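Let's work through some exercises on how helices and strands fit together. Keep the structure open beside you and try each task before reading its solution.

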Amino acid sequence: LAEVLWNCDHIYLYRIGRDSLGCPCHRADGIPMSAELKAIAGAVMTAAKAAGATVAEVTVTRGTSVSMSVRGGALEEALREEGVDVGLRVLQGHRQASVAASDTSPATLAALAERVVAMAAEAPEDPHVGLAEPDELASSLDTTALDLVDPSEPPDPDQLAEFARAAEAAALNHPKITQVSDAAAGVGTRQAYLLSTNGFEASTQRTSYNAVCSAVAGEGTAMETDYAYENRTHFEDMPSPDSIGALAAERTAAALGAQKPPTGAFPVVFDERVAGSLSGHILSAINGSAITRGASWLMDGLGTRVLPNGRDATEDPHRPRVFQSRVFDGEGLPTVKRLLVADGILKSYILDLATARKLGLESTANAARRVGSAPAPSAGNVALTQGSHSRAELLAEMGEGLLITSMIGSTINPNTGDYSRGASGFWVRNGEICEPVNECTIAGNLKDMLLSITPANDARPHISR
């Protein structure tokens, strides 16, 4: 199904009857990919075939990260992590097995291949497992438009430490902050190389920047802590360290004097930090793994109402500079923008090839890969139709109730949707934020909660959901 041609010291992959996929060692924007990962993937595949595998796929990932944390203006910890992981999945008929290793020596790769081939021979049969057909695979692997790699020179360790110091200083500048428990900044790069006997071969790369500041206020049993955390694919998109530290201090100081709220039935507003958990509950319930196991309160939900009229839930895997964006999924299928929920009605589950086959449906190109495991369905970038109200307007409309800024624990019945979680935040009276509250529990049923939601208009575009 494919032939390999050598040119300019790089391997170019051509599929019979298809256009060239281009040089897999370079992105279209000129950023080099690791030739080492390609060589490792080829070595693993050679070892698998030597061990008797005829249907197999290889995943090789490389991750590098640098993190600097400070305390009291002095460097507290400097971390650098770097590693290469290899995963091999082998299929024998309707049996499959997967293994992983972090040692890429020839002896280890040979043992890895022999072991997984033996495991696959003993694995239970599953008539739904299998690779994608060649004509199902993505024809375009160009990720340039996703803009997931920052081409600029990353900050060096000294610059990261200075970023963390500035965030810490900004937090300590607040008169009610007694200490900063954590101030750190980091940078990372992740590369992945995929190779399969069905002809799929592709590479991905993305960069990440992050910073966190955790502040402490009060004394003894009256102490409170809160944080601010930001991450982006590009350093130029990161908020300033002063704003991160100041936000952590503001959130912490506002929580001083928290008390238990009254018991009763009250309306609730979810702050932007926790609002995504609600959409996450829908995505978990329509995940193909949950549906095929019979462990979902939306088991027979297709075509039923799950959100109010006029509300859509759209998955867009092609949003630029968003971590979950991708042009192909973990099985090589092309991704597309689509509606999960249209006008409140559930239109689609989240499926990979195996779960789609079990349900008699088509894959939605939602396969995600982890080194050493078979693909599994996972949602990408999902956005709920925004409302027309700001948070302040929602609070004014609510009158009296609870503004939730933090949640702990989780008791959610996946079969019925019964919901109970610990929460803290602020009590609202006459539409105004009043005293902080904690040690409260909110409870209900997700079906009823989601049908009565009113979205705000403050969604942040760099967040996946």
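## Helices side by side

The axes of helix α1 and helix α2 (residues 106-122) cross at roughly 50° and come within 8 Å of each other. Here helices (H or I, at least four residues) and strands (E, at least two) are DSSP runs, numbered from the N terminus. Axes are lines fitted to C-alpha atoms, for helices over the stretch in contact, and angles run from 0 to 180 degrees between N-to-C directions.

Before you start, two notes on the source: the model is predicted, so local features need pLDDT of at least 70 and side-chain atom pairs count only at pLDDT 80 or more, while totals for chains, interfaces and linings use all residues. Residues are numbered from 1 along each chain as its sequence is written, and side-chain values use heavy atoms, with hydrogens and water left out.

**Exercise 1.** Classify the crossing of α1 and α2, then find the residues that meet.

*Step 1.* Angles under 35 degrees count as roughly parallel, over 145 as roughly antiparallel, 65 to 115 as roughly perpendicular and the rest as oblique. The angle of roughly 50° therefore makes α1 oblique to α2.

*Step 2.* Contact means heavy atoms within 4.5 Å. On the α1 side you find Ala-43, Val-44, Ala-47 and Ala-48, which meet Leu-109, Ala-110, Ala-113 and Val-117 of α2.

*Step 3.* Sort these residues by class: Ala, Val, Leu, Ile, Met, Phe, Trp, Tyr, Cys and Pro count as nonpolar, Asp, Glu, Lys and Arg as charged, and the others, Gly among them, as polar. The contact of α1 with α2 has eight nonpolar, no polar and no charged residues.

**Exercise 2.** Do the same for α3 and α4.

*Step 1.* Helix α3 (residues 157-172) packs against helix α4 (residues 241-254) at about 40°, with the axes 7 Å apart. That angle makes α3 oblique to α4.

*Step 2.* Among the residues in contact are Phe-163 and Ala-166 of α3, and Pro-241 and Asp-242 of α4. By class, this contact has nine nonpolar, one polar and one charged residues.

## The sheet

**Exercise 3.** In what order do the six strands of the open sheet stand, and which stand at the edges?

*Step 1.* Two strands pair if DSSP finds at least two bridges between them. Strand β3 (residues 55-71) and strand β4 (residues 74-92) pair antiparallel over 17 bridges. Seven bridges join β4 to strand β5 (residues 95-101), and 14 join β3 to strand β6 (residues 177-196).

*Step 2.* The full order is β5-β4-β3-β6-β7-β8, with antiparallel pairing. β5 and β8 (224-232) are at the edges with a single partner strand each, so one side of each has no neighbour in the sheet.

*Step 3.* Now look at the turns. β3 and β4 form a hairpin with two residues between them, and Gly-72 in the turn has a positive phi of about 60°. In the hairpin of β4 and β5, Gly-93 takes a positive phi near 65°.

## A link across the chain

**Exercise 4.** Which side chain meets that of Arg-369 in a salt bridge?

*Step 1.* A salt bridge is a side-chain nitrogen of Lys or Arg within 4 Å of a carboxyl oxygen of Asp or Glu. The partner is Glu-57, at 3.0 Å from N to O.

*Step 2.* Arg-369 lies in the loop between β13 (367-368) and β14 (376-377) and Glu-57 in β3, so the pair ties together parts 312 residues apart in sequence.
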